[in-house]
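Please look over the structure shown here before reading the notes under it. They are set out by topic, for quick reference.

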Amino acid sequence: FLVIYGWSNPAIAAVTAKDYQQFWLWAGVHPPISILQHSQILYILQGEIGGNAHQPQLNIQGVSPVLFSNQQLWLVWRVQRLDWSPVIVNTIINRTRLWQQKGNQIKGVQIDFDARTLQLNKYADFLRQLRQQLPVNWQISITGLLDWTKTGDINSINQLNGVIDELVVQTYQGRHTLNNYVDYLTSLNRLTIPFKIGLVQGGDWDTTWQKRLQQQPLYQGEVVFLLNQA
């Protein structure tokens, strides 16, 4: 809790999963069944795209295709590099179709890439190319860093309207909330594309900001990164 001159801010509370309905489900995380049952949207890790200096490589990770009968699903790819081969794109497409064949409601794919704030234009070019390579009825979600909207070329992201379908801005790094995340929230009003806020389970969140963001028509709620609880 944040304490100022001996007083705590009652609006700042630990993020409790049961209070939310959208979640990231990462490899090795086993949330209570009750959390999954009341979820509406799940972002499920499927793999990482990395490799050595000369050869990009996709490694499958996370939950194998199973049926989630009541949730809409985003299939997430953790990305370290953007020089993808056609094989990588085809693997993503085939993996997504396996989930569809199980009967799942697939919204699309999410790209989890920490693009440098001063190179958002290059990332935007990659996303335009990816949009052309994926089936037209699959949506694209991306994660984003807090400083993109404050110090980055936000026009590079706003011009992706029609290319990507949402941006999820992360307020945490690793398993912990960034100390100064509030300093960046005002600049989210510069976005002209749908966006969400990414929180980490057990991290800090100022719920007064949640109410303020809900007044913005493009705001679509919070996504909680689930952790294994002791």
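What follows is a briefing on aromatic contacts, charges over rings, the largest pocket and two loop residues. The model is predicted. It holds 13 aromatic pairs, and the largest pocket encloses about 390 Å³ of space.

**Aromatic pairs and cluster**

- Among the 13 aromatic pairs is that of Phe 195 and Tyr 219, with ring centres 5.3 Å apart and an angle of 50° between the planes.
- That angle makes the pair of Phe 195 and Tyr 219 tilted, because only planes under 30 degrees apart count as stacked and only those over 60 as edge-to-face.
- The pair links distant parts of the chain, since Phe 195 belongs to strand E13 (residues 195-200) and Tyr 219 to strand E15 (residues 219-225), with the two positions 24 residues apart.
- Phe 195 has 0% relative accessibility and therefore counts as buried.
- Tyr 219, at 9% relative accessibility, is also classed as buried, because the cut-off is under 20%.
- One aromatic cluster is formed by Trp 24, Trp 26, Tyr 43, Trp 74, Tyr 172 and Phe 225.

**Charges over rings**

- Lys 150 places its charged end over the ring of Tyr 184, at 4.9 Å from the ring centre.
- Arg 212 lies over the face of Trp 209, and here the distance to the ring centre is 3.9 Å.

**Largest pocket**

- The largest pocket is lined by 16 residues, and those closest to its centre are Asp 114, Gln 170, Tyr 172, Gln 173 and Gly 174.
- Tyr 172 is thus named both among these residues of the pocket lining and in the aromatic cluster.
- Sorted by class, the lining comprises seven nonpolar, four polar and five charged residues.

**Arg 81**

- Arg 81 is found in the loop that runs between strand E7 (72-79) and helix H2 (86-101).
- With a relative accessible area of 14%, Arg 81 is buried, because this value falls under 20%.
- The side chain of Arg 81 reaches the backbone oxygen of Gly 50, at a distance of 3.4 Å.

**Asp 19**

- Asp 19 sits in the loop between strand E3 (12-14) and strand E4 (22-25).
- A polar contact of 3.4 Å joins the side chain of Asp 19 to the side chain of Lys 18.
- Asp 19 and His 38 are 19 residues apart along the chain, and their C-alpha atoms are separated by 9.9 Å.

How values were computed. Residues are numbered from 1 along each chain as its sequence is written. This is a predicted model: local features need pLDDT of at least 70, side-chain atom pairs count only at pLDDT 80 or more; totals for chains, interfaces and linings use all residues. Side-chain values use heavy atoms; hydrogens and water are left out. Rings of Phe, Tyr and Trp (its six-membered ring) pair if their centres lie within 6.5 Å; planes under 30 degrees apart count as stacked, over 60 as edge-to-face and the rest as tilted. Helices (H or I, at least four residues) and strands (E, at least two) are DSSP runs, numbered from the N terminus. Buried means under 20% relative accessible area, exposed over 50%, partly exposed in between (1.4 Å probe, protein chains only). A charge sits over a ring if NZ of Lys or CZ of Arg is within 6 Å of the ring centre and within 35 degrees of the ring normal. On a 1 Å grid over the protein atoms alone, a cavity is a set of points where a 1.4 Å probe fits but cannot get out, and a pocket is an open set with protein on both sides within 12 Å along at least five of seven lines; lining residues have an atom within 4 Å of a point. Grid points are joined across faces, edges and corners, and a volume is the space filled by probe spheres set on the points. Ala, Val, Leu, Ile, Met, Phe, Trp, Tyr, Cys and Pro count as nonpolar, Asp, Glu, Lys and Arg as charged, and the others, Gly among them, as polar. A polar contact is a pair of N or O atoms within 3.5 Å; within protein, one must be able to donate a hydrogen and the other to accept it, and residues adjacent in sequence count only if both atoms are side-chain atoms.
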